[in-house]
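This report introduces a structure to a reader who has not met it before. Please view the sequence and the model first.

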Amino acid sequence: MRYFLFVYCLFITSVVFCNNDKRLYDDAFYFTKAEIIDENTTRIPFKLVDRLIVIEGVHNDKKGLFIIDTGSEKLLLNKVHFSHLISRNNRIENTTGVIDFVDDPVEKRIQQLLFQGLSVNDKRSNIIDMSHIEKSKKIKILGIIGYDVLKDYEVFIDMYLNQITLSKIDKHGEKLGSQRYLEKVVDSIDFKLKNHTIVIEGNINGKNLTFGLDTGAEFNQLNTKLPNKVLQSFYPKERIKLLGASDSSIEVIFGLLYRVKLSETVYFGPMKTILTNLNSMNEAFGTKLDGILGHDFFAQKRAIINYKKEKIYFINFPTIR
Amino acid sequence: MKAKFLYISIFLLTFFSSSVFSQKEKVKGYRIEGDEIVFTFDKRDYEKVTDERSQRRMDFDDFDIRNVVVSGEFNFWSRDAWKMNKVNENIYELRKKVADFKDNFEWQFKFVINNNFWAEPSDKMANITPATEKGKPLHTYNLRFIQAYPDENGNANFSLKGYPNAKKVILAGTFNKWDERLFEMTKTEDGWRLILQLKPEVHQYKFIVDGHWITDPSNPNKIQNEYGGYNSIKEVRTEVEFYLYDYLDANKIILAGDFNDWSEKDCQMVRTKKGWTQTLRLTGGKYHYKYIVDGQWILDPHNTVKEYDGKGHINSVKMVR
């Protein structure tokens, strides 16, 4: 599992918390750049660090970045900055999701995350060492925001406006409030939620495949064990070595993946993809996947994820006149 | 492709090598023209090539050039994908959009002749970086470019008064991931100076004077950083045109937006043959705006991107990059 240390860097996402006068808990996290649109909706600008989505956050005057990662199950905090939250009785033996390969995770209950206007209360977090990500990306990472936080919202990940819009939803997944999306929703696909993973059925060259959708995946991944008919759409360019925080390395094949279709109308241009053995990663995702769609999915589609309805809606990139 | 040239680490992709991007030597292999990067191969710049198959180092004059290809991290070191156009007997060029290189902070590349011979950069080139494998030098170089680069005609002027006895002053910031070697400032009569071409963004920076990090003493614009200290702020702007088609019967049209605090008089549009125009200098980011046509507030009818503000109003949205 050591090799997944470096894959880990491919699976990260962030969250934005905001300033809020009503500080209810001492250990609250605030997303300083979040913007209240109405009582049910918050917009959070993000930056891309390489191919990771990050938002600014503050905890006890400590500023840093959170990675938005639909591939992570829980809120993760960086041990580098939150070692003081670790006490003897919150050490845990196992975690789920991509952090399976983290040696010594620690669980901590976070009382409140405050996005501007929206608050997320009483979330479990795992405290893990993210120093290798900080080193490679040269940024200060406070943590990773995953499924456990995002699932209660409709999440619009907009790579055109570089922002995430979080909208509260009711128990049926209907967006609360009267404000609609002002740009036209042009298409949609269904997905299944398997544990915390968004699982999409698609096909390549007519062969049906199962993909996980992960904002924290800097590059798509495709399982080496797939039939030739599928791999014919993968145009290998190079063998590359991926390095972890330690000296361990693994060689994978890097290339472009063509002809990914998720429906008759939803398909993609070539996507940067790593060909790798996903069997071990499937354990982390808690389901069997043929591939993982990451950054390039969102770079090609402005996507709205509704976890309750298990639907993804698409909005076109504008045509600049 | 040869492993020794191709050693790429996703993890280390954004690390800079130990070489100094000195402004005393010339940057070779590319230039930036507007929104394009022009890869330029001038055969007079190269003395040696390496045979892909035999690994033999040869003199450049030993063979005829049939074609030249740009090969790098951006095309997975393909030896045939990015064929260059012959400009004259010595020079080959290939133009690409700078925007296509947004994924990475730094890109390494080389030129391949006749799909087989790697042109070896010399140590006289400013933008070389040692090719390495597992951290060990391979005694050859790759060329590299990053989106920020020194340019006498650049858009960001950095200067530091005094420090006549300093041996070396480095400019480091968000534009180069706080690299401590890359941008060495040039000594002037009264201090140190460097001009960069930067993306329109709000950049943070510091000077490193003989190893000591300092903020810019002449710049009052600072922000507290995550380490409790301060970074200086440089806001780089670019010209952004707002164009409203039609409305040729109107007498007066005002451009109002969050960039001018929604002023109803500051920014009058200029009539053209097909509509109205106004150009502003803005830094990168998202802007809300509307037009006031003879006192009537309207959305931009040709812009599909719209958003609510926090008060329930709908505005047109422009992204500046």
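Two strands are said to pair if DSSP finds at least two bridges between them; strands (E, at least two residues) and helices (H or I, at least four) are DSSP runs, numbered from the N terminus. This is a predicted model, in which local features need pLDDT of at least 70, side-chain atom pairs count only at pLDDT 80 or more, and totals for chains, interfaces and linings use all residues. Residues are numbered from 1 along each chain as its sequence is written, while chains are lettered from A and ligands numbered from 1 in the order in which they are written.

Strand 5 of chain B spans residues 68–72, and 5 of its 5 residues are buried (20 or more other C-beta atoms, placed from the backbone, lie within 10 Å of a buried residue's own). One side carries Val68(B), Val70(B) and Gly72(B), the other Val69(B) and Ser71(B). In a regular strand the side chains alternate between the two faces of the sheet.

The pairings of strand 5 of chain B are as follows.

| Partner strand in chain B | Sense | Bridges |
|---|---|---|
| Strand 9 (residues 106–113) | antiparallel | 5 bridges |
| Strand 6 (residues 82–83) | antiparallel | 2 bridges |

Val69(B) has Val112(B) as its bridge partner in strand 9 of chain B, and stands opposite Lys83(B) in strand 6 of chain B.

Chain A comprises 7 helices and 24 strands. Of its 321 residues, 52% count as buried.

Note on methods: Buried ≥ 20, exposed ≤ 12 C-beta atoms within 10 Å, placed from the backbone.
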